[in-house]
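Please give a short report on this protein for someone who has not seen it before. Cover how its helices pack, how its rings pair, and where a few single residues sit.

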Amino acid sequence: MKLLGGWAPEYLAAIVDSTDDAVIGKTLDGTIISWNKGAERIYRYAVDEVVGRPISILIPPDRAEELPSILSRIARGERIDHYLTRRVRKDGVVIDVSVTISPVQDATGKIIGASAIARDVTAQQYETKEALRIREEFISVAAHELRTPLTTMFARLQLVERRLARDDLDPAIVLRDLTLVRQAANRLKVLIDRLLDISRIRSGQLQVERGSTDIAGMIESVALMISETSARQITVLAPDHPESYRMDVDGMRIEEVVVNLVDNAVKYSPKDTPVDVELRSTPDAIWIGVRDRGPGIDIADRTRIFEPFHRSSSSGVPGVGLGLHIAKQIVELHGGALNVETPADGGSRFVVTIPRNVEGKSGDDGPRDER
């Protein structure tokens, strides 16, 4: 190693100590001879606890065979780049590290030891594994959920085709089959839209386009639509002045949130019980509460209910597990919050709070009139 510009060894040592990575010097038999502050932070050993001890104190028992191979390669003059492995800290915690190990030569070119640079990549490894897990779950759930409406559509169209071939057309039966095909197509569209939304959320491309929106009027329309299609009683309570429910939001996206919450309330509660939607308006925010009389949410599910692909273990209701996650993301893009409450007399209440005059986090293209 040359000292550029007359830099002193103390200056180079300061550079080594300033890095967050562990920089460790060792002899060819694996004895530690130098230990920087980055190594102290990563492995939790102070310098006087490790210098003179074997590097094997950092190697988990199930990877003991790594060390002889590494030392042998270093002795042959080989460099080991970005080797992903595991090491054990002083407190016994095993961490993931990426290690680069280079031979160290003396003035004659003889290899006398090794310099190892290690970076703690435990968090990155966890994120990678989690991303792979979510991808596999995404593929599995999407394939299953897409297959269900496609199977319905295919079967009903086959029946219509056969009746046409036999010239045996009953308008009522054909209308029933076409209605089932349309309903399956609608389910397919909703699923595809949600899969696209989750992709936009993950890439930061979910758009929020604000415009003046009558929140109460929109909720009344949603409640009427779902009430008619589900034959369920849905009550909307909006006691404040009608104009107080008008605010600048992305009307289409907030409607998506309300549809999801009300639709869930219908699915997860007994058929003979009502669903209540309550609005409150203050100078600072609009509050929307959707209440059902279902079995409620298990304690184990409450912390995970807004995670993508999570479905309640006790509900028995089919679904892709994306609706609540997407709803929460949409509300947060408006600067608001979506939470779940457990009323004392049972059921669940999902509460949306949307603040007034708050810019969206991203994708805000300016005002748009939703009237």
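## Helix packing and ring pairs

Helix 8 and helix 10 cross in a left-handed way. Their axes come within 9 Å and cross at roughly 145 degrees. This is a predicted model.

Helix 8 brings Arg-253, Ile-254, Glu-256, Val-257, Asn-260, Leu-261 and Asn-264 to the contact with helix 10. From helix 10 come Gly-323, Leu-324, Ile-326, Ala-327, Ile-330 and Val-331. Sorted by class, the contact of helix 8 with helix 10 has eight nonpolar, three polar and two charged residues.

Helix 8 also packs against helix 7. Helix 7 covers residues 215-230 and helix 8 covers residues 251-267. The crossing of helix 7 and helix 8 is right-handed. The two helices pack at an angle of about 35 degrees, and their axes are 10 Å apart.

On the helix 7 side, the residues are Ile-215, Met-218, Ile-219, Val-222, Met-225, Ile-226 and Ser-230. They meet Ile-254, Glu-255, Val-258, Val-259, Val-262, Asp-263 and Val-266 in helix 8. The contact of helix 7 with helix 8 has eleven nonpolar, one polar and two charged residues.

Met-225 deserves a closer look. Its place is in helix 7. How exposed is Met-225? Met-225 has a relative accessible area of 42%, so this residue is partly exposed. The C-alpha atoms of Met-225 and Val-259 are separated by 9.5 Å, with their positions 34 residues apart along the chain.

Now the whole protein. The protein has ten helices and twelve strands. Of its 371 residues, 38% count as buried. Among contacts in the protein with a separation of 6 or more, 60% are between residues 24 or more positions apart.

Next come the aromatic rings. The count comes to three aromatic pairs. In one of them, the rings of Trp-35 and Tyr-45 have their centres 6.5 Å apart and their planes at 80 degrees, so the pair is edge-to-face. Trp-35 lies in strand 2 (residues 32-35). Tyr-45 lies in the loop between helix 2 (37-43) and helix 3 (47-50). The pair therefore ties together parts that are ten residues apart in sequence. Trp-35 is buried, and Tyr-45 is buried too.

Phe-306 and Phe-350 form another edge-to-face pair, at 6.3 Å centre to centre and 85 degrees between the planes. Phe-306 lies in the loop between helix 9 (299-302) and helix 10 (323-333), while Phe-350 lies in strand 12 (residues 348-355). The pair therefore ties together parts that are 44 residues apart in sequence. Both Phe-306 and Phe-350 are buried.

Ring pairs also build a cluster. Trp-35, Tyr-43 and Tyr-45 are linked into it.

Two charged residues lie over ring faces. Arg-280 lies over the face of Trp-287, at 4.1 Å from the ring centre. Lys-328 lies over the face of Phe-306, at 4.8 Å from the ring centre.

Two residues other than glycine have a positive phi. The table gives their values.

| Residue | Phi | Place | Relative accessibility |
|---|---|---|---|
| Arg-44 | near 75 degrees | loop between helix 2 and helix 3 | 43% |
| Ala-231 | near 55 degrees | loop between helix 7 and strand 7 (234-237) | 69% |

At 43%, Arg-44 counts as partly exposed. At 69%, Ala-231 counts as exposed.

Last, take Pro-343. Where is the place of Pro-343? Pro-343 is in the loop between strand 11 (337-341) and strand 12. Is Pro-343 buried or exposed? With a relative accessible area of 10%, Pro-343 is buried, because the cut-off for buried is under 20%.

Leaving aside neighbours within four places in sequence, Pro-343 is in contact with Arg-291, Ser-348 and Arg-349. The C-alpha atoms of Pro-343 and Asp-292 are separated by 9.7 Å. These two residues are 51 residues apart along the chain.

Terms used: Residues numbered from 1 in each chain as written. Predicted model: local features only at pLDDT ≥ 70, side-chain atom pairs only at ≥ 80, totals over all residues. Heavy atoms only, no water. Axes fitted to C-alpha atoms, helices over the stretch in contact; angles between N-to-C directions. Helix = DSSP H or I, 4+ residues; strand = E, 2+ residues; numbered from the N terminus. Left-handed = near helix turned anticlockwise from the far one by under 90°. Contact = heavy atoms within 4.5 Å. Nonpolar A, V, L, I, M, F, W, Y, C, P; charged D, E, K, R; others polar. Phe/Tyr/Trp six-rings, centres within 6.5 Å; stacked < 30°, edge-to-face > 60°. Buried < 20%, exposed > 50% of the residue type's maximum accessible area, 1.4 Å probe, protein only. Lys NZ or Arg CZ within 6 Å of the ring centre and 35° of its normal.
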